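Subject: Structure handover

Hello,

Here is the structure for you to look at. Please open it beside this email and follow along. My notes come right after it.

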Amino acid sequence: MAARRKPALICCGAVLAVVVVLAAVFTALYFTVLRPRPPRVTATVVGTRVSAFALLPSPALNLTFDVAVAAYNPNRAAFEYGEVVTVVRYHGDAVGEAVVPRGEVGARASAEVRAAVEVDAVGVVSSPYFPLEGIAGALPFETATTVAGKAVVLGVLKIRASSVVTCGVTVYPLRKETTSPQCTSTVHVG
């Protein structure tokens, strides 16, 4: 009876050893090479166009922000992102929005998308802050760009990430200039 058990124990031991070695190899690969990482996303206001500005006889403003969103994917799998939404706010009120269609950033690659956000003049002009800031010649805006998506490695390891990049921009409509945007980026993983 003991002679029959010996080959079975050797076979079970060999199978167990192979499973332990494979588990160690996959664990090492996960923590070194295949570990999903969040993408690095930056958004900047690359330009503004002021084509109309008036305080009298009736307030008028025609303003467009050009926003560039760059994403670097450090993963060994593509990062698929949903719609990229850029919102322009004037004293907390949304006065413009642009949506860029979904896309993909290849493995260990970079991609850039651009959007032009037209500011809703009625929303800005009807604000109680507009007359004083218009006379001063400086209009403070905030842009917020949101990117969300996921990277899937080997069809098993998944990481979901979203990034919000917020930039503060001051527009000087009389000089048709802007300040360099001050941006902050927040990444949420999970």
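Start at Val87, which sits in strand 4, residues 84-90. Keep in mind that this is a predicted model. Is Val87 buried or exposed? Its relative accessibility is 14%, so Val87 counts as buried, the cut-off being under 20%. Now look at what surrounds it. Setting aside neighbours within four places in sequence, Val87 is in contact with Ala94, Gly96 and Glu97. Glu142, Thr143 and Ala144 are also in contact with Val87. For a sense of distance, pick out Pro38 as well. Val87 and Pro38 are 49 residues apart in sequence. In space, their C-alpha atoms are 23 Å apart.

Next, find Asn73. This residue belongs to strand 2, which covers residues 60-73. Asn73 has 0% relative accessibility, so it counts as buried. What does its side chain reach? One partner is the side chain of Asn75, in a polar contact of 2.9 Å. Another is the backbone oxygen of Gly106, which the side chain of Asn73 reaches at 3.1 Å. Leave aside neighbours within four places in sequence, and Asn73 is in contact with Ala78 and Phe79. Further along the chain, Asn73 is in contact with Val105, Gly106, Ala107, Arg108 and Ala109.

Now the charged pairs. Side chains of opposite charge can pair when their charged atoms come close. How many salt bridges does the structure hold? There are four. Here are three to look up:

- Asp66 and Arg49 meet through their side chains at 2.6 Å, N to O. Asp66 is in strand 2 and Arg49 is in strand 1 (residues 40-54), so this pair ties together parts that are 17 residues apart in sequence. Arg49 is partly exposed, at 44% relative accessibility.
- Glu112 and Arg114 form a salt bridge of 3.2 Å, N to O. Glu112 has 48% relative accessibility and counts as partly exposed. Arg114 has 55% and counts as exposed.
- Glu177 and Arg175 form a salt bridge of 3.6 Å, N to O. Glu177 is partly exposed, with a relative accessible area of 41%. Arg175 is exposed, with 52%.

Last, step back to the whole chain. The protein chain is divided into domain 1 (8-36) and domain 2 (38-189). Five residues of domain 1 and eight residues of domain 2 take part in the contact. Taken over C-alpha atoms, the centres of the two domains are 47 Å apart.

How much area is buried between domain 1 and domain 2? The figure is about 530 Å². Carbon and sulfur atoms give 79% of that area. Which residues of domain 1 lose the most area to domain 2? They are Val33, Leu34 and Pro36. Together these residues account for 86% of what the domain 1 side buries.

The search for pairs across this interface came back empty. Between domain 1 and domain 2, the rule finds zero salt bridges. It also finds zero residue pairs in polar contact there, counting pairs with both residues at pLDDT 80 or more. By class, the side of domain 1 that touches domain 2 has four nonpolar residues, no polar ones and one charged one.

That is the tour. Write back with any questions.

Best wishes

Conventions
Residues are numbered from 1 along each chain as its sequence is written. This is a predicted model: local features need pLDDT of at least 70, side-chain atom pairs count only at pLDDT 80 or more; totals for chains, interfaces and linings use all residues. Side-chain values use heavy atoms; hydrogens and water are left out. Domain bounds come from an automatic or database domain assignment. Contact means heavy atoms within 4.5 Å. Buried area is the accessible area (1.4 Å probe) that two parts lose on being put together, summed over both. A polar contact is a pair of N or O atoms within 3.5 Å; within protein, one must be able to donate a hydrogen and the other to accept it, and residues adjacent in sequence count only if both atoms are side-chain atoms. Ala, Val, Leu, Ile, Met, Phe, Trp, Tyr, Cys and Pro count as nonpolar, Asp, Glu, Lys and Arg as charged, and the others, Gly among them, as polar. Helices (H or I, at least four residues) and strands (E, at least two) are DSSP runs, numbered from the N terminus. Buried means under 20% relative accessible area, exposed over 50%, partly exposed in between (1.4 Å probe, protein chains only).
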